Amino acid sequence: MTQRVEVRISGLGGQGVVLAGQILGKAAVYSGRNAVQTQSYGSEARGSAAKSEVIISDSKIGFPAVRKCDVLVTLSQTALDKHFKDLKKGGVLLVDVSTVESIPETKVKVFKIPATETAKKTFGAGIYANMIMLGALARIINLVNDKAMEKAIRESVPEKTVEANVNAFNTGLEFLT
Amino acid sequence: MTTTKSNTYFWQGNQACAEGAIAAGCRFFAGYPITPASEIAAHMAKRLPQVGGIAIQMEDELASVGVAIGASWAGAKAMTATSGPGFSLMQEFIGYAFITETPCVIVDAQRAGPSTGQATKCGQGDVMQSRWGTHGDYSAIVLSPNSVEEMFTLTVRAFNLAEEYRTPVILLADETIAHMREQITVPSSDSVNVINRRKPRAGDKAFFGLEEVPPMPAVGEGFNVAVTGSTHDEYGIRFTADPLVHKKLVERLNNKIRNHVEEISDFEDYNIEGCQIALLVYGCTSRAIYEAVEKAEAKGIKIGYIRLKTIWPFPEKLVRKLAEKAEKIIVPEMNLGQICYEVERVANGLAEVIPLNKIGGGELITPEELLAKILREAEKNE
Amino acid sequence: MSEAFSVRKYLRDLKLPFCPGCGIFTLMDAFLRSIHELGHEDLKDFVFCSGIGCSSWICSPYFVADSIHTPHGRSIPVATGIKLVHPSLNVVVFGGDGDIVGIGMSHFIHAARRNLDILVIMVNNMIYGMTGGQVAPTTPFKTKTATTPYGSFEEPLDATRLAVTAGACYSARWTTAHPNELKESIKKALRMKGFRFIEVVSQCPTAYGRRAGFKNVGEILKWLKENAVSIGQAEKLSEKELEKRVVVGQFVERKRPTVVENVYAVIKEAQVNDTKS
């Protein structure tokens, strides 16, 4: 059977959710799989709802948008409230518990990561939360190898922040190891 | 990153468009910021100078296409990129490029209009504008990509058609395909088929007639070319009242496209011969058909489709053939119905034409919605 | 100068379309004399761009040269594309006041701002002549036109000063009553680099003259001559005294890097960086 996973990363504009999706998709292609990444954001550069969707598959990907996701990653309460209904029954919920207070009662598997808090403490800025979440996500979906992820991160972030981003990603990996 | 080596990347549609342009020989880009086309300008600004080309941001979209036309007459392959609001502003110069036979490529990454509409959301509302946007009698060549890979290959083709037919060509993309990232295998530069405009020979004087597609000099080559948006004869001399000069010019300009529909047309098809229900699709909307067709077939429905990669000139013969084979043609569009009326005109009662429309919020027509429509129409047949 | 001046060698064998007494004849003569006196035997080193309006027909298609006759107000964008791709050509734009500072205003300002290396010659006849005498952005206050039957209720624009503010390297105004000064001004501008602008206040006996109360061309020229005042003199006059006067002369002359030089510097830089990486 072909392997296929559909991921939605959601949060607010400025949290780097679109970038996280792009890096995941790129790493999937570097791992020899097909990937499509789409995004949705408001006209405002900061603060409005933002989401990034990634489909990774061994076969050709037709429809590019995610209808029901296997993994939902949320970095804000409003994002969780909005997208929770689209999580598949056997799916996985990955929550930044530094920015999300209330998680609905659910039978799906939930991983709680204090990403923003850890980012602030360890890397001096909450913005690295997206890479911590991405690390945890990579471990959960297990379709993309860590080397490809690191390569994709290095290509996608500003040169000065490469090391911090890679370290944040590794921190995320370790949360679930 | 380089395009000289055959390789696989994870690119955004807009980046693939920019790289496709460069591979086709584009060395001049002008634009004005607009969502969802701005990444093309940003990418061109970075990449063009590396290959000796020029990228410039102009004061508005009028100037952007105007400067591209000037660049084309100076001998460069030129492109501009925009979305609906800017595309509206460009219509004046698109007519000018048509009547002056100026090759250039205009990208319209459609968003939800009219007016500012939903600036970051996908739509397909510019289909008719891409055909009829400027005033007067004219014919348009409009291509519709449905993947990141086609943002590359159809941009190359847009340049080739522009050069071959000496006319503006529109790449009618949409927000989904422009912003989407996807794997793309970039062909090596020597395997990209590149067509260049035919140059005049010494002593040639007729750059606007005598032949279906006349040769095109550049300024500064000593041909003393007189270019005008007014009606003109074969030598570029203005005739503002003569009915025959106008008829001859405008008929030739239209016929050089209308007489070559088959060569210009490009499409993907499936099971046209054996289908009862057919889909006619283009652009982002077509991404829903693969899953919907598979599921419809699993339920025993005889289904086929045509996906247009060339929307204009409209491939009448092809669609008439589809109408002869299928009982019903479903036309899904992210607008309130545009190409469906063209299908209806061509089908002329041979098949029932059924629109499936969805607008707002950039939400694509899903495979489920398309399948539901197919099943409903199949049930009605029984 | 190798031979006597004749406009014939620069013109196609076509009948010119201008009304008798039109100021365009004076400008055409001054321009082609400048070309001749600068030693150009033909126009092969030039490209002409123009928009829509009587003065846009000066070069298109009458000059034996490459000429691009664009939509209304859009000559400067097309000239921009040509100059950027082909920097060695001398690009000259002809246009009227409506074309250059009416519908094409923003391109004019931006070309001056980015210091595009072209010469723009604007024929200011203070009216939309070709379309039948409608009010222009340059029409004097209270002038009766086809669309201001009670007199214009707007103040006119000073395009020459606007060019200075926007960054032009050369900006001058003359009238058709100053053919020699105009010719010298064109010669000077043609020898310079950067964005250069010359406004030629000109008579339109057909659409403007009769509406403004002039009986014939001679009267308009006489009025232009008598009401012209040099920049130096103008400085000594009050605003009230300057009403209805035409300030003539050279408003600015300066050097700035042109956008053409800057663009090619970027290309060089990008290619050096590309080789490094």
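Chain B gives 37 residues to its contact with chain C, and chain C gives 37 residues in return. Contact here means heavy atoms within 4.5 Å. The model is predicted: local features need pLDDT of at least 70, side-chain atom pairs count only at pLDDT 80 or more, and totals for chains, interfaces and linings use all residues. Residues are numbered from 1 along each chain as its sequence is written, chains are lettered from A and ligands numbered from 1 in the order in which they are written, and side-chain values use heavy atoms, with hydrogens and water left out.

## Chains B and C

Two pairs of chains touch, and the pair B and C has the most contacts. The size of an interface is often given as the accessible area lost when the parts come together. Buried area is that loss, taken with a 1.4 Å probe and summed over both parts. For chains B and C the value is about 3000 Å², with 64% on carbon and sulfur atoms. B:E59, B:N224 and B:R238 supply 20% of the area that chain B buries against chain C, more than any other three residues.

Two salt bridges link chain B and chain C. The rule asks for a side-chain nitrogen of Lys or Arg within 4 Å of a carboxyl oxygen of Asp or Glu. B:E59 forms a salt bridge with C:R114, and their closest N and O atoms are 3.0 Å apart. Polar contacts are counted too: a pair of N or O atoms within 3.5 Å, where within protein one must be able to donate a hydrogen and the other to accept it, and residues adjacent in sequence count only if both atoms are side-chain atoms. Across the interface of chain B and chain C, 14 residue pairs are in polar contact, both residues at pLDDT 80 or more.

Helices (H or I, at least four residues) and strands (E, at least two) are DSSP runs, numbered from the N terminus. On the side of chain B that touches chain C, α2 (38–50), β3 (54–57), α3 (61–73), α4 (84–100) and β10 (226–228) each supply at least two residues. α3(B) gives the most, with seven residues. This side divides into 21 nonpolar, eleven polar and five charged residues. The classes are fixed: Ala, Val, Leu, Ile, Met, Phe, Trp, Tyr, Cys and Pro are nonpolar, Asp, Glu, Lys and Arg are charged, and the others, Gly among them, are polar.

Strands also pair across this interface. Pairing requires at least two DSSP bridges between two strands. β10(B) pairs with β2(C), residues 66–69, in the parallel sense over three bridges. Within β2(C), C:I68 is the bridge partner of B:V227.

## Chains B and A

The second contact takes 24 residues from chain B and 20 residues from chain A. The area buried between them is about 1800 Å², and carbon and sulfur atoms give 55% of it. B:F10, B:R181 and B:R287 supply 34% of the area that chain B buries against chain A, more than any other three residues.

Chain B and chain A share two salt bridges. One of them joins the side chains of B:E368 and A:R67 at 2.8 Å, N to O. Nine residue pairs are in polar contact across this interface, both residues at pLDDT 80 or more. β1(B), residues 7–12, is among the elements that supply at least two residues to this side of chain B. β1(B) gives the largest share, four residues. The side of chain B that touches chain A divides into nine nonpolar, eight polar and seven charged residues.

Chain A and chain C do not touch, and their nearest C-alpha atoms are 14 Å apart.

## Strand β2 of chain A

β2(A), residues 34–41, takes part in two strand pairings.

| Strand | Partner | Sense | Bridges |
|---|---|---|---|
| β2(A) | β9(B) | antiparallel | two bridges |
| β2(A) | β3(A), residues 49–57 | antiparallel | eight bridges |

Toward chain B, A:Q37 has B:R181 as its bridge partner in β9(B). A:V36 stands opposite B:E182 in β9(B). Within chain A, A:T38 stands opposite A:E53 in β3(A). Six of the eight residues of β2(A) are buried (under 20% relative accessible area, 1.4 Å probe, protein chains only), so β2(A) is largely enclosed by the rest of the structure.

## A:F84

A:F84 is found in the loop between α2 (77–83) and β5 (87–96) of chain A. A:F84 counts as partly exposed, between the 20% limit for buried and the 50% limit for exposed, because its relative accessibility is 21%. Not counting residues up to four places away in sequence, A:F84 touches A:L72, A:L93, A:P104 and A:T106.

Key. Buried area = accessible area lost by both parts, 1.4 Å probe.
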